[in-house]
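Hi,

Here is the structure I promised to pass on to you. Have a look at it first, and then read on for my notes.

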Amino acid sequence: MALDREDVKNIAQLARLELSDEDIGQYQTDLSNILELVEQMNAVNTDDVQPMAHPTDAVQRLRSDVVTETNQREKYMSNAPAQENGLFLVPKVID
Amino acid sequence: MEWEVVIGLEIHAQLATKSKIFSGSSTAFGSEANTQASLVDLGLPGVLPVFNAEALAMAVKFGCAIGADVNKVSVFDRKNYFYPDSPKGYQTTQLHHPIVGMGAIDITLDDGSTRTINVTRAHLEEDAGKSLHEDFQGMTGIDLNRAGTPLIEIVSEPEMRNAKEAVAYFKKMHSIVTYLGICDGDLSQGSMRCDCNVSLRPKGQEEFGTRTEIKNVNSFRFVEQAINVEIERQRDILEDGGVITQETRLFDANKMETRSMRSKEVANDYRYFPCPDLLPIVIDDDYIAAITDTLPELPDAKKQRFMDEQGLSEYDARVLTATRELATYFEETAEKCGDFKLAANWVMGELSAALNKNEVDIQGCPISSSNLGAMIARIKDDTISGKGAKSVFAALWNLEEGDKKGDDVDALIDSLGLKQVSDSGAIEGIVDDVLANNASQVENYISAEPDKRGKMVGFFVGQVMKASKGSANPGMVNKVLKQKLDEKC
């Protein structure tokens with residue numbers, strides 16, 4: 001399946017990536033190639049195969065419901081570019 | 001044209017675990033911003049989620065309670081989107097293999113009729129943080145304390161046909177999750193939120209109309225209002241020949257309107273895929289059976305028992321079992337006084353009125369169930385009159401915390417001088433005095449037509465009550481008066 005320029009722009013928008021016009025052409029080729037590779041796998045008959053959620057045969061281990069984390073706010077916020085009153089500040093978003 | 005309304009609800013209920021769904025951070029409400037956000041909750045690179053066993057148990061408990069198929073294998077998926085209150089860039093949720101499959105609950109409408117509403121599914125997922133849009137240097141503040149709080153999202157079939165049914169459904173779910181103890185049910189703190197899907201179709205048409213989704217409605221009243229204004233809005237558009245846009249809307253309770261929430265420049269595309277950091281959750285029959293054994297008596301069963309064994313009306317039983325707290329309070333009161341009907345009258349009458357007037361809920365009720373029960377027992381054994389009980393009730397309501405009298409209703413009745421005189425000798429004495437002091441009224445009584453006499457007794461009752469300072473047992477006063485007056489005729 002070949003992607004057109006609009007598909008690439010849409011994917012970039014979903015990933016919040018800014019692409020230049022020159023980049024779009026390159027991504028169009030690269031991503032289309034990946035999809036072609038995936039399409040080759042569609043040739044394999046999987047009628048009797050259950051879809052798997054994970055490649056290993058293991059099941060999820062559980063932890064008991066205990067609070068183990070302590071307040072590390074100062075450390076965790078030390079990388080934040082902007083903060084106030086213990087809040088992370090981000091550009092205004094109202095969706 | 002006659003329109004049929006179609007409503008489906010998605011209810012998010014925060015699970016009452018101590019720690020988060022995938023991390024050991026506390027889920028306590030009201031802490032200082034970002035003090036309960038760990039590396040996992042912040043979505044820092046290199047961390048791995050580990051699933052909380054209690055969140056699983058609570059979700060399974062819910063499934064068992066609504067008679068649903070609990071899936072022995074369920075899978076976490078990533079729902080990908082960018083929003084600053086979800087720093088990982090995706091929400092961990094369950095798309096194709098939810099923990100709870102199809103179930104059903106019965107809802108009861110105001111007229112006492114019931115309807116079964118099917119529940120499509122309930123899945124586990126994580127809550128997002130909070131965005132604070134007040135002005136922080138022109139930026140948005142992010143508090144991630146709530147990020148990673150476990151939720152179950154309960155999805156109904158689109159089977160409700162008006163706002164009242166939707167509210168009844170929401171209330172019933174609220175009642176079930178609080179009875180189960182898997183959610184604190186505090187709507188004001190966002191512990192339960194409701195998304196309402198609303199559409200209209202011409203009556204008789206099979207196919208659904210285009211729906212809109214009203215997001216995050218957080219009170220029973222708002223659910224009813226939001227749905228009703230949205231029905232009106234859609235009907236106006238459709239009757240003008242317009243079309244409904246499928247979109248997410250927000251309810252504004254001040255303006256009594258719903259409005260579009262997001263500009264649809266780019267359609268949402270969540271690109272779900274199984275979460276590679278989490279393995280499938282596998283449970284067996286023994287696990288489900290063990291959870292089933294822990295189920296408490298649920299509201300429907302309790303209501304039925306109150307009706308069948310205690311003779312309460314359907315309405316009374318429904319009101320008294322609406323929340324676990326009220327049901328527990330009522331049951332303790334009733335057991336203490338030994339009379340469910342009398343207890344029901346007091347809890348639904350005087351007590352509810354006082355709670356409403358003072359804007360407190362049953363958890364904040366200043367009168368303990370044990371004291372109310374003890375007081376009702378004294379009405380039952382004629383120690384106090386109904387009127388005297390109101391004074392005792394008011395005194396109990398206003399007792400200072402730690403007041404010794406609070407532990408002893410009998411001492412309180414004594415100190416208020418409300419103990420009824422039920423001693424027949426004492427009452428006869430007062431009656432004799434009253435009759436002697438009101439000779440002319442007695443003459444009138446004797447000369448009156450027998451069918452008029454009944455009304456005239458009231459005067460003497462009043463006089464006796466006055467003479468006894470209200471302490472005489474009115475039933476006994478009536479009896480003694482009738483007897484003495486009739487002797488004179």
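**The hairpin in chain A**

In the hairpin formed by β2(A) and β3(A), two residues sit between the strands, and A:N85 adopts a positive phi near 50 degrees. Please keep in mind that this is a predicted model.

Some context for that hairpin: β2(A), residues 83-84, and β3(A) run antiparallel and are joined by two bridges. A:E84 has A:L87 in β3(A) as its bridge partner. A:N85 itself belongs to the loop between β2 and β3 of chain A. The sign of its phi caught my eye, as A:N85 is not a glycine. In general, most residues other than glycine have a negative phi.

Is A:N85 buried or exposed? A:N85 counts as exposed because it has 12 other C-beta atoms within 10 Å, and 12 or fewer is the cut-off for that class.

**Across to chain B**

Strand β3(A) also reaches the other chain. Four bridges link β3(A), residues 87-91, with β9(B), and the two strands run antiparallel. Within this pairing, A:P91 is opposite B:M139, while A:V90 is opposite B:T140.

The contact between the chains involves 33 residues from chain A and 42 residues from chain B. On the chain B side, the elements that contribute two or more residues are β2 (51-52), α2 (53-65), β8 (130-136), β9 (139-143) and β16 (281-282). Which of them gives the largest share? That is β9(B), with five residues. Sorted by class, this side of chain B holds 21 nonpolar, 15 polar and six charged residues.

**Two more places in chain B**

B:R271 is another residue other than glycine with a positive phi, here near 40 degrees. You will find B:R271 in the loop between β14 (257-260) and β15 (273-274) of chain B. With 13 other C-beta atoms within 10 Å, B:R271 is partly exposed.

Finally, B:E4 is part of strand β1 of chain B, which covers residues 3-14. Its C-alpha atom is 5.9 Å from that of B:P202, although the two are 198 residues apart along the chain. Beyond its neighbours within four places in sequence, B:E4 is in contact with B:R161, B:L200, B:R201 and B:K203. B:E4 has 15 C-beta neighbours inside 10 Å and therefore counts as partly exposed.

Happy browsing, and best wishes

Methods
Residues are numbered from 1 along each chain as its sequence is written. Chains are lettered from A and ligands numbered from 1 in the order in which they are written. This is a predicted model: local features need pLDDT of at least 70, side-chain atom pairs count only at pLDDT 80 or more; totals for chains, interfaces and linings use all residues. A residue is buried if 20 or more other C-beta atoms lie within 10 Å of its own, exposed if 12 or fewer, and partly exposed in between; C-beta atoms are placed from the backbone. Two residues are in contact if their C-beta atoms, placed from the backbone, lie within 7 Å. Ala, Val, Leu, Ile, Met, Phe, Trp, Tyr, Cys and Pro count as nonpolar, Asp, Glu, Lys and Arg as charged, and the others, Gly among them, as polar. Two strands pair if DSSP finds at least two bridges between them.
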